[in-house]
Amino acid sequence: MERKKNKQKKLHIRKGDTVKVIAGNAKGKTGKVLEMMGEKDRAIVEGANIVTKHKKPSANSPQGGIDKVEAPIHISNLMLVDPATGDATRTGRKLDDKGKLQRYSKKTGEVINNG
């Protein structure tokens with residue numbers, strides 16, 4: 001029995017996008033996507049969902065300590081910020097004249113640059 005290869009999911013946000021958190025403790029905050037975890041449908045957003053991590057003393061940091069780091073947020077709780085207006089918007093995909101899929105803002109209809 002053969003296993004199916006995991007196909008890359010098409011997500012509405014990508015690394016480098018500016019997003020707004022629409023649910024959870026960090027609701028209302030905006031930030032840049034630092035990292036995508038596609039297999040878990042989560043993203044790490046700069047300045048949102050800050051959690052406290054306790055570090056044990058080690059050879060590298062003999063003092064140990066408490067760090068504040070960003071924790072992953074499920075992508076269903078994130079909304080892309082339209083670069084033209086600065087408002088959160090839903091996204092769609094449509095073909096451009098070269099036959100390539102482009103993301104666009106459902107509010108303004110403008111194509112969102114990838115990256």
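**Exercise 1. Determine how β2 and β3 are connected and which residue of the turn has a positive phi.**

Solution. Helices (H or I, at least four residues) and strands (E, at least two) are DSSP runs, numbered from the N terminus. On this basis, β2 and β3 form a hairpin with four residues between them. Within the turn, D41 has a positive phi of about 55 degrees. The model is a predicted one, in which local features need pLDDT of at least 70, side-chain atom pairs count only at pLDDT 80 or more, and totals for chains, interfaces and linings use all residues. Residues are numbered from 1 along each chain as its sequence is written, and side-chain values use heavy atoms, with hydrogens and water left out.

**Exercise 2. Establish the pairing of β3 with β2 and with β6.**

Solution. Two strands pair if DSSP finds at least two bridges between them.

- Step 1: strand β2 (residues 30–37) and strand β3 (residues 42–45) run antiparallel and are joined by four bridges. M37 stands opposite R42 in β3.
- Step 2: two bridges link β3 to strand β6 (residues 73–74), again in the antiparallel sense. Here R42 stands opposite H74 in β6.

**Exercise 3. Place the strands in the sheet and explain why β6 and β8 each have one side without a neighbour.**

Solution. Strands of a sheet pair through backbone hydrogen bonds, either parallel or antiparallel.

- Step 1: the open sheet has six strands in the order β6-β3-β2-β1-β7-β8, with antiparallel pairing.
- Step 2: β6 and β8 (88–89) stand at the edges with a single partner strand each, so one side of each is left without a neighbour in the sheet.
- Step 3: for β8, the antiparallel partner is strand β7 (residues 78–81), joined to β8 by two bridges. The bridge partner of V81 is A88 in β8.

**Exercise 4. Describe the protein as a whole, from its strands to its overall dimensions.**

Solution.

- Step 1: the protein has ten strands and zero helices.
- Step 2: the C-alpha trace spans about 60 × 50 × 25 Å along its principal axes.
- Step 3: the radius of gyration, taken over C-alpha atoms, is compared with a globule rule of 2.2 Å times the number of residues to the power 0.38. The protein has 18 Å, whereas a compact globule of 115 residues would have a value near 13 Å.
- Step 4: buried residues (under 20% relative accessible area, 1.4 Å probe, protein chains only) make up 25% of the 115 residues.
- Step 5: with contact meaning heavy atoms within 4.5 Å, 37% of the contacts between residues at least 6 apart in sequence join residues at least 24 apart.

Notes
Buried < 20%, exposed > 50% of the residue type's maximum accessible area, 1.4 Å probe, protein only.
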